Each structure stands twice: as structure tokens, then as C-alpha cells.
There are 2 protein chains.
Amino acid sequence: MIYLDNAATSFPKPEKVYDDIYTAMKEYGANPGRSGHKLALKAGRAIYETRELLCKLFNIDNPMNIVFTYNATDGLNLAIKGLLKPGDHVITTSIEHNSVLRPLKALEKIGVETTIVQCDSRGSININDIEEQITDNTKLIVTTHASNVIGTILPIKEIGAIAEKNDIVYMVDAAQTAGVYDIDVKDMNIDILVFPGHKSLLGPQGTGGVYIKEGIEIMQMKEGGTGSKSNLLIQPEMMPDKFESGTPNTPGIVGLGAGVKYILNRGIENIRNHEKELTRYFIEELKKIDKVKIYGQCDADKQAPVVSINIGEEDSSEVSYILDKVFDIAVRPGLHCAPLAHKTIDTFEQGVVRFSIGLFNTRQDIEKSVEAIRKIVKEI
Amino acid sequence: MIYLDNAATSFPKPEKVYDDIYTAMKEYGANPGRSGHKLALKAGRAIYETRELLCKLFNIDNPMNIVFTYNATDGLNLAIKGLLKPGDHVITTSIEHNSVLRPLKALEKIGVETTIVQCDSRGSININDIEEQITDNTKLIVTTHASNVIGTILPIKEIGAIAEKNDIVYMVDAAQTAGVYDIDVKDMNIDILVFPGHKSLLGPQGTGGVYIKEGIEIMQMKEGGTGSKSNLLIQPEMMPDKFESGTPNTPGIVGLGAGVKYILNRGIENIRNHEKELTRYFIEELKKIDKVKIYGQCDADKQAPVVSINIGEEDSSEVSYILDKVFDIAVRPGLHCAPLAHKTIDTFEQGVVRFSIGLFNTRQDIEKSVEAIRKIVKEI
């Protein structure tokens with residue numbers, strides 16, 4: 001099988017990720033931060049090591065400012081809902097995932113005001129359009145780093161600068177970029193960074209996280225046992241305990257650490273260049289096929305390795321079904337949980353066939369995909 | 001090492017749990033319920049199978065009424081905060097974990113009224129004391145099934161009957177019992193059952209769940225991509241999608257399924273009897289040692305396999321430290337994230353040394369623990 005659904009979750013992972021998870025479960029499967037025995041301490045240290053690795057990757061100073069979550073959606077909810085209060089205004093874009101848009105829509109009911117800045121049909125945003133929307137009560141700008149539908153990379157450093165200038169919190173959803181594109185929270189003025197663990201960070205499903213800059217006030221959504229200040233009935237304020245109630249996913253976090261270690265060893269630039277080259281080649285070849293419509297930038301330098309197409313007016317689910325059934329190629333059709341992005345690129349009815357490239361894809365995978373598309377075009 | 005911290009997380013797990021997780025990651029590590037390709041479908045089916053196994057264990061009719069969460073705390077917050085509104089009254093007990101008490105304390109700030117019914121010094125509750133507290137606005141009774149500090153089992157069937165009679169929602173925190181004690185949501189009138197995946201259900205950390213009876217209205221805490229109704233900016237109402245936004249922990253849930261399968265195959269009664277026998281033996285032997293104070297029921301038939309002690313006035317952390325350092329026995333000291341339970345048994349200052357027995361403990365483990373305690377008593 002050729003797996004080209006890496007934007008949903010990366011597959012496969014480095015062998016070391018599987019092995020470290022297995023070892024964590026089998027050799028030190030205790031509850032970290034609770035008891036003080038050797039096994040619990042070992043689990044606690046392993047989790048701390050993953051925090052440190054993430055700090056290295058994102059240029060974060062304090063490992064305790066990273067909160068582990070169930071997935072990126074969990075982190076986005078935590079940060080969006082913990083930050084915004086009735087009367088606050090938030091600016092976002094039309095290419096966001098439902099993990100940003102749906103929490104914002106829910107908050108509108110309690111009096112949070114949302115402005116969705118329109119991107120053009122290739123997903124590009126005019127940063128002046130963002131700045132123009134800033135009002136006295138604008139508390140937050142939240143944007144994706146790259147569209148999960150067409151890969152378009154947003155100028156997060158420039159948006160971060162606008163946010164800083166206007167004393168507004170800037171939150172980045174790095175679901176499609178963390179682990180492949182450079183993210184430097186300090187240089188880019190990112191106040192809150194949300195990332196999944198199981199996509200390009202190469203960790204397992206069941207992991208994600210949020211970096212929260214010192215001084216940003218976020219109310220926790222959940223309370224519970226934290227292993228700290230157990231004498232109190234109120235949630236402790238200390239980080240990251242405030243946001244990490246209950247038993248964490250130790251083996252998962254260990255696996256995430258193994259994924260990040262792999263990235264740091266191999267070099268994020270090398271990974272990016274590999275994926276970029278495949279994306280470039282794929283787009284070039286697709287352009288040669290009649291009836292294939294390619295969405296987004298059509299430029300590997302301006303997009304994450306996500307290439308979305310349609311074949312004429314064919315239903316995207318039908319094409320994806322054939323790719324899977326006949327050619328054993330795994331892609332994702334439909335709306336990709338991003339309805340406004342599809343309205344933005346005018347594919348709300350048809351959806352698109354999304355090919356998302358990962359670290360372990362090869363030139364041959366792309367060649368076979370091109371060949372498959374050629375055949376489908378011919379048959380239809 | 002002798003691991004007696006199973007109330008924090010069970011360790012080890014059956015080999016099949018590790019193996020199934022490894023296989024899930026390696027062979028079908030796709031995102032379930034999103035794309036329609038073979039691998040995604042396989043992941044989706046595996047998750048569904050775990051839902052079915054849990055239904056069998058808890059006598060639940062509809063697998064879609066089980067929601068998977070990050071841990072039990074996540075599930076308790078989801079259910080407690082999604083159910084209660086300002087003006088509602090909730091009844092709970094003095095032996096609850098902070099994962100129940102802290103969310104309730106947080107809700108008091110928005111006008112939810114809480115009554116904490118006092119248990120006696122062994123953790124027993126008089127169910128009349130619960131019934132007496134019911135008022136017109138009582139919306140919920142939430143109790144643990146068994147104390148995580150002293151193991152005392154609460155009469156959940158009787159409490160469920162009171163709740164039903166008074167048309168009140170009954171929520172059970174089965175953190176210490178699911179997988180060892182019989183739980184039948186229909187027979188026991190349990191409307192909401194919250195369970196961790198990584199304790200006696202023998203799954204990995206990073207798993208937990210909530211059963212929500214049909215017709216109970218709970219507001220979701222999080223919104224996001226659900227893979228369903230992707231055209232909408234509002235959270236879908238369908239179960240379990242309403243509460244399962246973002247990528248689930250597929251390998252973890254597969255591991256939880258393997259754990260439940262193990263329990264069903266081995267027989268929950270056999271597991272319970274094994275743990276009960278060890279508990280009985282441990283209590284008997286402890287009673288023979290001078291200076292050892294045993295808390296709770298001191299009766300294996302009335303308590304989950306959790307035995308908490310102190311040695312004279314010795315600090316519980318100090319004793320636990322020696323058990324770990326000198327005897328290689330892992331236990332948990334302190335307050336166990338249950339401050340009111342410790343006030344109830346009058347150990348708020350000293351804490352207790354908690355031994356929690358699991359499926360894979362042996363008679364020899366208990367013998368060695370008794371021996372260690374004898375030696376510590378002698379030395380002190």
C-alpha cells in the first residue's frame with residue numbers, strides 16, 4: 001500500500017517510536033508524578049525529557065510551559081476556551097480547521113465575537129486584512145500555520161509581529177507543520193503553539209500539546225488529581241499541572257519524544273527538503289495531465305506537502321475509493337473537517353482528493369500515484 | 001521489584017495488550033473515521049470492537065453510547081461539567097477523588113450547589129444520609145464505586161435505586177473497580193459510568209471512557225473535527241462524535257480492547273477472587289504486627305484490593321521511601337489526590353502508605369511485603 005494520508009496522521013513512524021513505546025509500557029509502566037518509587041520516577045523523567053526535546057525544536061525556554069494533551073483539538077479547545085471571555089474579540093482565517101472554527105462558533109453563544117478573514121482562492125492571506133480587523137477588544141489572533149486542505153503556508157512570523165505590535169495574543173495551530181517547518185516561538189512571537197503529536201512529530205496517536213508563554217492567563221477546562229497540592233480542593237496554578245489532571249499518556253509521550261529525537265537527529269531541513277522535492281515533482285507531473293485540477297499554490301515552496309486535486313467533475317470520494325481499491329493508494333477525500341477552506345477554494349460540493357506526503361514516502365510512491373491518476377482520467 | 005501501586009495504574013499488563021498496541025501502530029496506524037481507505041477502516045473497526053467489548057463487560061446496549069477519553073479525569077470533567085448548570089444541586093461523598101471534587105468546587109463558582117455526604121471513619125456511607133440531602137433542584141448524585149485510599153466499596157446499586165426513585169442522574173466513578181468488580185449499568189441504574197482504561201481494565205495509559213445513557217443531555221466541552229458533518233461549523237449531536245473531537249488514541253484503545261478481552265476470557269470473578277484472597281491474607285498478616293495501623297474496612301469482602309497502613313507516627317512518605325529503596329517494593333504514600341477521604345479517616349497530616357494489589361501480584365509479593373513491614377517496624 002502507498003500511504004498518502006500523512007496530514008491525517010503520519011504512517012509509518014520510525015521503528016524507534018514503536019520500540020520506545022513498547023519499552024515504556026513493559027519496563028516502566030507506572031504512573032508518573034504520583035508515587036515516589038523508582039518506576040514512577042523513571043516515567044516522570046521520560047515525560048520531562050519529551051518536554052525538553054520539544055523545547056529544543058520550538059525554541060522554548062521552560063519545559064514546564066508545555067502541556068500535554070490528548071490531541072491538537074484538545075489543545076486548541078484548552079487554549080481558545082481558557083483564554084477568551086464574553087466580550088472578547090478574536091480574529092481567524094477562512095482556511096482554518098473545524099478544531100479552531102467549531103470552538104469559536106461555540107464561544108459566540110457566550111458573547112465572544114469572531115472575525116473570519118477571507119483568504120484568496122489559493123489560500124493566501126493579506127496580512128493587512130488581519131490588521132484592519134483589530135479593535136479595542138481584540139484579545140486573540142488564531143491561525144493555522146498551513147492549510148490542511150491545500151497546504152498553503154501562512155506568514156506566521158508577520159502575523160505574530162502584528163499581534164505583538166497590537167498587544168494581542170497570537171495562537172498558532174501547527175497541526176500540518178510541526179516537525180517539518182521551522183517554528184521558533186520567540187522569533188515568531190507565538191504566544192500559544194498547539195501541535196499534534198501524531199502527525200509530522202512522528203509520535204503515536206493519543207498525543208498532542210500546547211506551549212503557553214509565561215504570563216498568558218488561561219483558565220483550565222478540567223480539574224482533577226495532579227499529584228501536586230493534593231491537600232487542596234482547588235486546582236493548583238503551577239505549570240503544567242494546572243492543565244494536566246489525571247494520569248498522562250506516558251508511553252505515548254515517550255513515543256512522541258522518540259519522534260522528536262528522530263527529527264532532531266535527521267535534521268528538520270533534510271526532512272522538509274525531502275517532502276518538498278516529492279511535492280514539487282508531484283505537482284509538475286499532475287500539471288501534465290488533462291482534466292486534473294490542482295488546488296492551492298501549486299508551488300512546493302509555498303505549501304506544506306499536501307496536494308489536493310479533482311478529476312473533472314468526478315466526486316472526490318469516488319476517485320479516492322478507486323485509488324484505494326484498484327491502486328492501493330490511501331488518500332482522503334471530502335471536506336477534511338475544514339468547510340470554510342473548501343468554500344474558499346470553491347470545492348464545498350465536490351470536495352477534493354487530498355494526497356498528503358510524509359517523511360517515508362518515496363519518489364516511486366509519487367510516480368505510482370501519477371500513473372494511477374493518469375489511468376483513472378483515461379477510464380472516466 | 002514488587003509493584004503494589006495498581007490503584008495508580010496497573011502494571012504489568014497482559015503481554016497481548018503490549019503486542020496488540022504494537023501491531024496497531026505498525027500495521028494499521030491510520031486515522032479512523034476520517035478517510036475511507038482500507039487502513040483507516042481497519043482502525044475504525046478496531047475501535048468499534050473495543051466499544052463492543054466494554055458493552056459486554058458493563059451490560060451496555062449501544063456501543064455508540066461509549067465515549068473514549070484521555071483518562072477517567074477527562075471523562076469525569078466531561079460528564080460533570082456537561083451535565084450541571086447554574087442552580088443545579090449535586091450530592092457526593094467525602095471519600096471522592098479530586099477528579100470529582102475539584103470539578104465540583106470549580107462549578108460552585110458558577111452557581112452549582114454541592115452537598116458532600118460524610119462517610120464514617122472506615123469509609124462507609126449511610127445511604128439514608130444521601131437520600132435526606134435530595135432537594136427539588138438535585139440533578140446529580142456522583143459517587144465513587146470504591147475509595148482509592150482505603151478501598152471501601154460503596155453500595156452503588158442501592159444509591160442507583162435512590163437516584164432512580166427520585167429521578168436524579170446517577171454517575172459512578174469506577175476508577176478502582178472497573179475490570180474487577182461487577183458493574184451492570186442497567187441492573188444498578190447507573191446513568192453515567194466513568195472508567196479509566198489503564199487500571200484494572202488493563203489497557204495502556206492515555207485511555208479512559210464514559211458511558212452515557214440514552215436520553216441524558218450532556219453539553220460537550222470541546223468541539224473540533226469529528227469526521228462527520230464536516231460541512232457544519234457546529235458540533236454534531238450524534239454519538240459518540242459529539243464528544244470525540246480530533247484524532248483518537250487508536251493504538252491505546254486497541255490495547256484497552258485487548259485488556260477487556262483478557263478479563264472476559266479469564267473471568268472477572270476469577271480475577272476478583274485472586275485479588276481478594278491476597279487482600280485477605282495481607283490484612284490478616286498485618287493485624288499481627290504491632291504498631292501497624294490498618295485503615296478502612298479491614299475486610300476483603302468489603303473493599304477493593306487497596307490496603308492502607310501507617311507505622312506508628314512515621315511519615316508515610318518516609319516508610320514508602322524505605323519500602324522502595326531497601327525492599328524494592330513500590331507503593332504510594334501521601335494523600336492520593338483525595339484530601340477529604342484522608343480527613344474522613346483522620347490521616348490528613350500523616351497520609352497513609354497505600355498498597356494496591358493487582359492481577360499479577362502473587363502470594364509471595366504479599367509475604368515479602370509483610371516481611372518488609374516487620375523489619376521496618378523493628379528498625380524504627
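1. Helix 7 of chain B is mostly covered in this predicted model: of its 17 residues, 14 are buried. The count rests on a cut-off of 20 or more other C-beta atoms within 10 Å.

2. The length of this helix is consistent with its residue count. Helix 7 of chain B comprises residues 250–266, and at 1.5 Å a residue these 17 residues should span 24 Å; the C-alpha atoms at the two ends are 24 Å apart, which agrees. The residue that follows helix 7 of chain B is Gly267(B), with a positive phi near 95 degrees.

3. Chain A superposes on chain B, with an RMSD of 0.0 Å, after a rotation of 180 degrees and a shift of 0.0 Å along the rotation axis. This is the relation of a two-fold axis. Tyr70(A) is the residue of chain A that comes closest to that axis, its C-alpha lying at 2.9 Å.

4. The copies meet through the same surface, because 100% of the interface residues of chain A are also interface residues in chain B. Chain A contributes 70 residues to the contact and chain B contributes 72 residues.

5. On the side of chain A that touches chain B, the elements giving two or more residues are helix 1 (15–27), helix 2 (38–58), helix 3 (72–83), helix 4 (98–108), helix 7 (250–266) and helix 9 (316–327) of chain A. Helix 4 of chain A supplies the largest share, seven residues. Classified by residue type, this side of chain A has 30 polar, 28 nonpolar and 12 charged residues.

Definitions and conventions. Residues are numbered from 1 along each chain as its sequence is written. Chains are lettered from A and ligands numbered from 1 in the order in which they are written. This is a predicted model: local features need pLDDT of at least 70, side-chain atom pairs count only at pLDDT 80 or more; totals for chains, interfaces and linings use all residues. Helices (H or I, at least four residues) and strands (E, at least two) are DSSP runs, numbered from the N terminus. The expected span of a helix is 1.5 Å times one less than its number of residues. A residue is buried if 20 or more other C-beta atoms lie within 10 Å of its own, exposed if 12 or fewer, and partly exposed in between; C-beta atoms are placed from the backbone. Copies are superposed by least squares on the C-alpha atoms of residues with pLDDT of at least 70 in both. Two residues are in contact if their C-beta atoms, placed from the backbone, lie within 7 Å. Ala, Val, Leu, Ile, Met, Phe, Trp, Tyr, Cys and Pro count as nonpolar, Asp, Glu, Lys and Arg as charged, and the others, Gly among them, as polar.
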